[in-house]
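Me: I would like to go through this structure by question and answer. Please keep the replies short and reasoned.

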Amino acid sequence: MSLDWKRVAADKRDSILALIPEEWRISAPPPASEQRDVTGKFIQQYLNPEEIEITESGATDIVHKTSTGVWSAYEVANAFCHRAAVAHQLVNCLHEIFFDAALESAKELDEYLAKNNKPIGPLHGLPVSLKDQFHVKGVETHMGYVGWIGTFQGKKNTGKEKVYESEMVKELRQLGAVLYVKTAVPQTLMSGETTNNIIDYCWNPTNRNLSSGGSSGGEGALIALKGSPVGFGTDIGGSIRIPAAFNGLYGLRPSSGRLPYEGMANSFDGAPSILSVVGPLAPTPEALKLVTQGILSTQPWLHDPLVIPMPWNADAERETLELAKAKKLTFAIFKHDGMCAVHPPLARALDIVAKKLQDEGHKVIDWKPPGHRRLAEICSKSFSYDGGADAKKAFELSGETVKPHLISVTHTDQANASDIMENQVDKREMQKEYMEYWNSTAELTGTGRPVDAVISPMAPFAAARPNMYTYLKYTGFVNALDYTSVAVPITRVDKEVDKPYENFRPQDAVDKLTQAHYDAEIYDGAPVGLQFIGRRLEEEKMLAVAEYMQTIL
């Protein structure tokens, strides 16, 4: 059995490489000890000047040029296909390649523009990458499971996979986006690292000593290498924000019901307490806004029964930017959740942001909320309702081995209806308690309003070292509360500044182990990101905050 699944995995891995044109093949990169950063000039050596110019342009600039005929959609798609192919060979970031279909789609967009003298939609000619949960017609979705290869979500193919597409895929096509790759994920999706038995390990391209994050790690790595101008991931416990932070990107975790999830593949689908959500990752907040606004313009609530009929709220965006300009925003800094301390670079990033905002004239207070241990327990119960049965079933299809640090592969008993109902009540009570604490900050801000955003780490480390993701609770509480959160890059690790703590006193064994994993030399140069957290359904406000932070940092 083990030889069978290993052969199937190897064949799939080889088939991805076989789809890369011969002229785009490269030799294996030097080891991380010789070349830890493969972004920038390193990847540029494989591209021509025109491809570099195109792939290093922002999403809004690309759409402007493809919509006005300055660049053809075909030449843009070809440039990103080439760069994505090289990126995969450097860090193992792709699961599926469909360059031919993408180039054919780009040709059709060019023909439409020439015939009608107008773009097909607000994303005309924009390459968009997708996490391997999206169903795209004619393209496999294996989601990191060897047993899903050659099937439709683990079930025998019936032809459905040739025509079936997720709802958001249909909307992206309607808007004029060009789809060309699906990116790597970990088995089960429940991991802060991206690793499976098909692509092995997806490395952080800025520092190949480290992980690209998870579970949207392939997206984070591809976009960091500029093999995509913007892509979509999913987030049930941090899976958009973690890869965004680890790779120096912006990433939006919207509240559930804001963007369409209909027709996506998933693990333990149907679990009720904490819902996975779709959101974008990109090098700039402008790109996040472009695709989010575009998706909302299609009225996705007409085709996804869980989407709230809530168009783009331009007033919320404008009001936030006006408050920012008037120096009247208020923020809270969340330095420690009471369970696990952050590494020195994260502590420095929090200090950088607090000082910068205060220097700009904004109010900054400390965030000391209730119940983070209880929120962590709610998350843990929510993710293990089925006792790992869904994941075990997927692994048994092939007999493949299970990678480490998959939090959904548990040995607990399955929850019964009463257990689930009790956890639902606990979650509701904590949401109410947290809401009232947030309201109470109006007494501290001096504006008469509660804080506009909470600034928090997304992990205790800038990025995880392989198989060393010790602590996930800085992101999961946001999902339990269903708040909007946006990842914002802040700085980079500096080994000369970010020295290990002296006389550190850990809370427990996990806290001790987390700090023991910090090595300034290994981490040197890695991006450091933080999350800016808003309340439910405040996507426009938080994107405006991210835009403002980009201008002042």
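Reply: Contact here means heavy atoms within 4.5 Å. The model is a predicted one.

Me: Leaving aside neighbours within four places in sequence, which residues is S239 in contact with?
Reply: S239 sits in the loop between β8 (231–235) and α9 (241–246). Neighbours within four places in sequence are left aside. The residues in contact with S239 are then K131, L189, G214, S215, S216 and T234.

Me: Which side chain does the side chain of S239 join in a polar contact?
Reply: S215 is among the residues in contact with S239. The side chains of the two are joined by a polar contact of 2.9 Å. The partner of S239 is therefore S215.

Me: Is S239 buried or exposed?
Reply: Buried means under 20% relative accessible area. The relative accessible area of S239 is 7%, so S239 is buried.

Me: What is the order of the strands in the open sheet of eleven strands?
Reply: Pairing in this open sheet is mixed. Its edge strands are β1 (94–97) and β12 (363–366), each of which pairs on one side only. Neighbouring strands are turned by 30° against each other on average, direction ignored. The order is β1-β5-β2-β8-β10-β9-β14-β15-β13-β11-β12.

Me: Which residue in β10 stands opposite Y250?
Reply: Strand β9 (residues 250–253) runs antiparallel to strand β10 (residues 277–282), and two bridges join them. Within this pair, G251 stands opposite L281. Opposite Y250 in β10 is A282.

Me: Which residue in β14 stands opposite G251?
Reply: Strands β9 and β14 (residues 485–492) are antiparallel and joined by three bridges. Opposite G251 in β14 is A487.

Me: Are the residues on the faces of β9 buried or exposed?
Reply: In a regular strand, side chains alternate between the two faces of the sheet. In β9, Y250 and L252 are on one side, and G251 and R253 are on the other. Both faces are covered, and these four residues are all buried.

Me: How many residues apart in sequence are the parts that K182 and D132 tie together?
Reply: K182 and D132 form a salt bridge in which the closest N and O atoms are 3.0 Å apart. K182 lies in strand β5 (residues 178–183), and D132 in the loop between β2 (127–131) and β3 (151–152). The pair therefore ties together parts whose separation in sequence is 50 residues.

Me: What is the relative accessible area of K182, and what is that of D132?
Reply: The cut-off for buried is under 20%. K182 is buried, at 0%. D132 is also buried, and its relative accessible area is 0%.

Me: Which residue meets D235 in a salt bridge?
Reply: Side chains of opposite charge can pair when their charged atoms come close. For D235 the N to O distance in the salt bridge is 3.0 Å. D235 is buried, and so is its partner, which is R241.

Me: Where does E539, the partner of R258, lie?
Reply: The side chains of R258 and E539 meet in a salt bridge of 2.8 Å, N to O. Both residues are buried. R258 lies in the loop between β9 and β10, so the pair ties together parts that are 281 residues apart in sequence. E539 lies in helix α20 (residues 539–552).

Me: Which residues are joined into one network by salt bridges that share partners?
Reply: The count of salt bridges comes to 27. Those that share partners join into one network R374, D426, E429 and E433.

Notes:
Residues are numbered from 1 along each chain as its sequence is written. This is a predicted model: local features need pLDDT of at least 70, side-chain atom pairs count only at pLDDT 80 or more; totals for chains, interfaces and linings use all residues. Side-chain values use heavy atoms; hydrogens and water are left out. Buried means under 20% relative accessible area, exposed over 50%, partly exposed in between (1.4 Å probe, protein chains only). Two strands pair if DSSP finds at least two bridges between them. A polar contact is a pair of N or O atoms within 3.5 Å; within protein, one must be able to donate a hydrogen and the other to accept it, and residues adjacent in sequence count only if both atoms are side-chain atoms. Axes are lines fitted to C-alpha atoms, for helices over the stretch in contact, and angles run from 0 to 180 degrees between N-to-C directions. A salt bridge is a side-chain nitrogen of Lys or Arg within 4 Å of a carboxyl oxygen of Asp or Glu.
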